[in-house]
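Open the model in your viewer and keep the sequence panel beside it. This tour goes stop by stop: select, look, move on.

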Amino acid sequence: PAAPRDAPVVAVDLGVRKLGVLPDGTRIENVRAEAGAAKRLRRAVLAVARKRRAADKKFGVRKKGEKRESSKRLRRAYQRLDRVRSEVANVRRSAIHVATKHLATTAGVVVLEDLRVKNMTRRRNGKGRAAKAGLNRAILDAGWGEFRRQLAYKCGWYGSRLVVVPPQYTSQDCSGCGSRNDVGAAEVYRCSGCGLVMDRDQN
C-alpha cells in the first residue's frame with residue numbers, strides 16, 4: 001500500500017534503549033538480538049578458540065599465510081558459531097523490516113538524523129574503555145545503519161520521502177519555540193524559552 005497523500009511528516013529519534021521514538025510518543029522497541037543471544041555466542045566463540053588451541057598444540061602454531069586443514073570438530077564449531085550469528089542478524093533484520101514498512105506506508109515524509117555510526121563506535125583507550133566498548137556493542141546491536149538502509153528503499157517503494165538532517169543540536173532545539181537549551185544527559189527536556197517540558201527523545 002502506498003502512503004496516503006495527506007500523510008504527516010514524522011521524525012524518528014534513533015536510540016539504544018528504544019530503537020526509535022516518534023513525535024507522538026510512540027516507541028519502536030529495540031529487540032537487542034545480540035544481547036539476547038550473548039550466552040550462546042560466547043559459548044560458540046569459546047568452543048572455536050578451544051579447538052584452535054588444541055590444533056596449535058598438536059601441530060604447532062600456524063604461521064602467517066600457512067594453510068592447514070581444519071579438523072571435523074573445528075569445522076562443526078565454526079558452523080555452530082555461524083548459525084548463532086545468522087540467527088541474531090535475522091531477528092534484528094526482521095524487527096527492523098516491520099518498523100520501516102510501517103513508517104514508509106503511514107508517513108508522507110520520514111526525517112532521520114545523519115548519524116555517523118562508524119565515528120560513534122570508535123574504540124576508546126584508557127579510562128572508560130570498558131564502558132565505551134559496551135556502548136559500542138549496544139549501538140551496533142540496534143542496527144541504525146540497517147534501519148536507514150531499509151527505510152531509504154521502502155520510502156521509494158511506497159511513495160513517501162526520506163529526509164536526512166545533520167545531528168548537530170537536534171537534541172537541544174525546542175520543538176515548541178525553536179530555542180536552544182543544553183539539557184546534558186537529562187531524560188526530560190525543559191525549555192527556558194517557552195517552558196515546554198517533555199521527554200527528551202520525543203522532543
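A helix axis here is a line fitted to C-alpha atoms over the stretch in contact, and angles between N-to-C directions run from 0 to 180 degrees. Keep that in mind for the helix pairs below. One caution before you start: this is a predicted model.

**Stop 1: the whole chain**

Show everything as a cartoon. The protein has six helices and eight strands. Follow the chain along the sequence and you read β-β-β-β-α-α-α-β-α-α-α-β-β-β. Now zoom out. The C-alpha trace spans about 70 × 45 × 30 Å along its principal axes. What is the radius of gyration of the protein? It is 22 Å, while a compact globule of 203 residues would have one near 17 Å.

**Stop 2: the parallel sheet**

Select 9–11, 109–113 and 161–165. These are β1, β5 and β6. Together they form an open sheet of three strands, in the order β1-β5-β6, with parallel pairing. β1 and β6 are the edge strands, and each pairs on one side only. Look along the sheet: neighbouring strands are turned by 25° against each other on average, direction ignored.

Zoom in on β1 and β5. Three bridges join them in the parallel sense. Pick Val10 and find its bridge partner in β5, Val110.

Next, add residues 144–158. This is helix α6, which packs on the sheet and touches β5 and β6. The direction of α6 makes about 140° with that of β6.

**Stop 3: α3 against α6**

Keep α6 and add residues 72–106, helix α3. How do the two axes cross? They come within 9 Å and cross at roughly 40°. An angle between 35 and 65 degrees counts as oblique, so α3 and α6 are oblique to each other. Their crossing is right-handed.

Show side chains at the contact:

- On α3: Arg93, Ile96, His97, Ala99, Thr100, Lys101, Leu103, Ala104 and Thr105.
- On α6: Glu146, Phe147, Gln150, Leu151, Tyr153, Lys154, Cys155 and Tyr158.

Colour them by class. You will find nine nonpolar, four polar and four charged residues in the contact of α3 with α6.

**Stop 4: α2 against α3**

Hide α6. Keep α3 and select residues 38–59, helix α2. The axes of α2 and α3 come within 9 Å and cross at roughly 160°. Angles over 145 degrees count as roughly antiparallel, so α2 is roughly antiparallel to α3. α2 passes α3 in a left-handed crossing.

Bring up the side chains again:

- On α2: Arg40, Leu41, Ala44, Val45, Ala47, Val48, Lys51 and Arg52.
- On α3: Arg73, Leu74, Ala77, Tyr78, Arg80, Leu81, Val84, Arg85, Glu87 and Val88.

Which classes make up this contact? It has 11 nonpolar and seven charged residues, with no polar ones.

**Stop 5: the antiparallel sheet**

Last selection: 13–14, 18–21 and 27–29. These are β2, β3 and β4. They make an open sheet of three strands, in the order β2-β3-β4, with antiparallel pairing. β2 and β4 are the edge strands, and each pairs on one side only. β3 and β4 pair in the antiparallel sense over three bridges. To finish, click Gly20 and look across to Ile28, its bridge partner in β4.

Definitions and conventions. Residues numbered from 1 in each chain as written. Predicted model: local features only at pLDDT ≥ 70, side-chain atom pairs only at ≥ 80, totals over all residues. Heavy atoms only, no water. Pairing = 2+ DSSP bridges. Helix = DSSP H or I, 4+ residues; strand = E, 2+ residues; numbered from the N terminus. Contact = heavy atoms within 4.5 Å. Parallel < 35°, antiparallel > 145°, perpendicular 65-115°, else oblique. Left-handed = near helix turned anticlockwise from the far one by under 90°. Nonpolar A, V, L, I, M, F, W, Y, C, P; charged D, E, K, R; others polar. Rg over C-alpha atoms; globule rule 2.2 N^0.38 Å.
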